[in-house]
Amino acid sequence: YGLEEWIHGGNMNLIKNPLHPEADSVQIERIEGVIIVEDSTAFAMWENNELDSQGLPLPEIDRVKADPVLSEQLVNAPFPCTYYYGFVNNKPPFDDVRVRQAFSQAIDRQSLIDNITKGGQTPATSFAPPGIFGAVPPGEVGLGYDPDAANASLQSYLDEQGITVEDFSAQGITLMHNTNEAHAAIAAAIQQMWKDTLGVDVQVENQEWKVYLQTVKNETPLAEMPHIFRLAWCADYADQNNWVFENFHAEESENQPRRNCLDDTCTQVELSEFDELVKAAQLSQDPAEREELYREAERILTEDETAIAPIYHYTTVEMVKPWLTRSFSPVGGEQFYTWTIDEAMMQEALGQ
């Protein structure tokens, strides 16, 4: 397919490339991609037969699962992405690992999945999901939900500083996410977990995607950064290098959590054991050695440093009309050339 039209905030349309060697085997001539900010609006369009395939918004999951017709059109399967919260490692009070550990261990990931996301996601305590070379099996490293340990870590910090949890909250701790209904629901749930478990009040803010991407860059002045930010990563290729190295190496990645930064805008960094491990794994040609290096790197990232708080590994939660047969590409872009439409079924459903 080639790009026919792209109107920012409007649509992105693709047209089949007639010069491709396998063009005759591609059924769909044109892909109309509609750019819609609100998931609820997109789902309403899907229900009105204006869209053939669309993600299922969180508030609609229970209704769809309970409906004998709609539930047959729901696709739910593992997908190689991880949802996480990043801590700004050089912004007080999150420049202290005890604070980061407390906030990570106060997140009840399974409760979040059971009550909010409801898509069969896997609770994540490490970064790379199953199916990625070098990924650690879920739950084997990292910090899971542990209210007692969370309180002990935060209390240790408070005692050292000579402040109360009320004083801590009064600093104005901020969690930021990009504008989206699902992210807002997840943030509200975790905000309440931090209040219930730690007694900390956290402010939640959101920004439109383009602005947000600029905000969370590691050269943004520290005063303009939130303390905690929401991001996700999906596989470009099925190797840990694409995960821990390309996201978090202090010097050779975007390093949005600002690991080992020596100044406010992260222009100077100090490399640590984690950085040495992921660099060594990148250069090694021994698969067994690489797996061990990545395992230790994941442990350091999510336990010793707690630079981030992984929350869950994704699933595909997608509604697909019965006349569309589509694939779900685990890595890279959608493979539209494999999709097919039963024209007769579609026209009958649409009353044409």
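**A tour of the helices**

Helix 4 and helix 7 are oblique to each other, because their angle falls outside the classes roughly parallel (under 35 degrees), roughly antiparallel (over 145) and roughly perpendicular (65 to 115). This is a predicted model, in which local features need pLDDT of at least 70, side-chain atom pairs count only at pLDDT 80 or more, and totals for chains, interfaces and linings use all residues. Residues are numbered from 1 along each chain as its sequence is written, and side-chain values use heavy atoms, with hydrogens and water left out.

Select helix 4 (residues 109-117) together with helix 7. Their axes come within 11 Å and cross at roughly 135 degrees. Axes here are lines fitted to C-alpha atoms over the stretch in contact, with angles from 0 to 180 degrees between N-to-C directions.

Now select helix 7 alone, residues 181-198. Its 18 residues should span 26 Å at 1.5 Å a residue, counting one less than the number of residues. The end C-alpha atoms are 25 Å apart, which agrees.

Color the buried residues of helix 7 (under 20% relative accessible area, 1.4 Å probe, protein chains only). Among them are His183, Ile186, Ile190, Met193 and Trp194. Look down the axis: the buried residues fall within an arc of 165 degrees, so they line one face of the helix.

Go to the ends. Asn180 caps the N-terminal end of helix 7, with a side-chain oxygen 2.8 Å from the backbone nitrogen of Ala182. Gly199 follows the helix, and its phi is positive, near 75 degrees.

Finally, select helix 3 (residues 97-105) and helix 5 (residues 147-161). They pack at about 155 degrees, with axes 8 Å apart. That makes helix 3 roughly antiparallel to helix 5.

Note on methods. Helix = DSSP H or I, 4+ residues; strand = E, 2+ residues; numbered from the N terminus. Buried < 20%, exposed > 50% of the residue type's maximum accessible area, 1.4 Å probe, protein only. Arc of directions from axis to C-beta. Polar contact = N/O pair within 3.5 Å; in protein donor to acceptor, adjacent residues only side chain to side chain.
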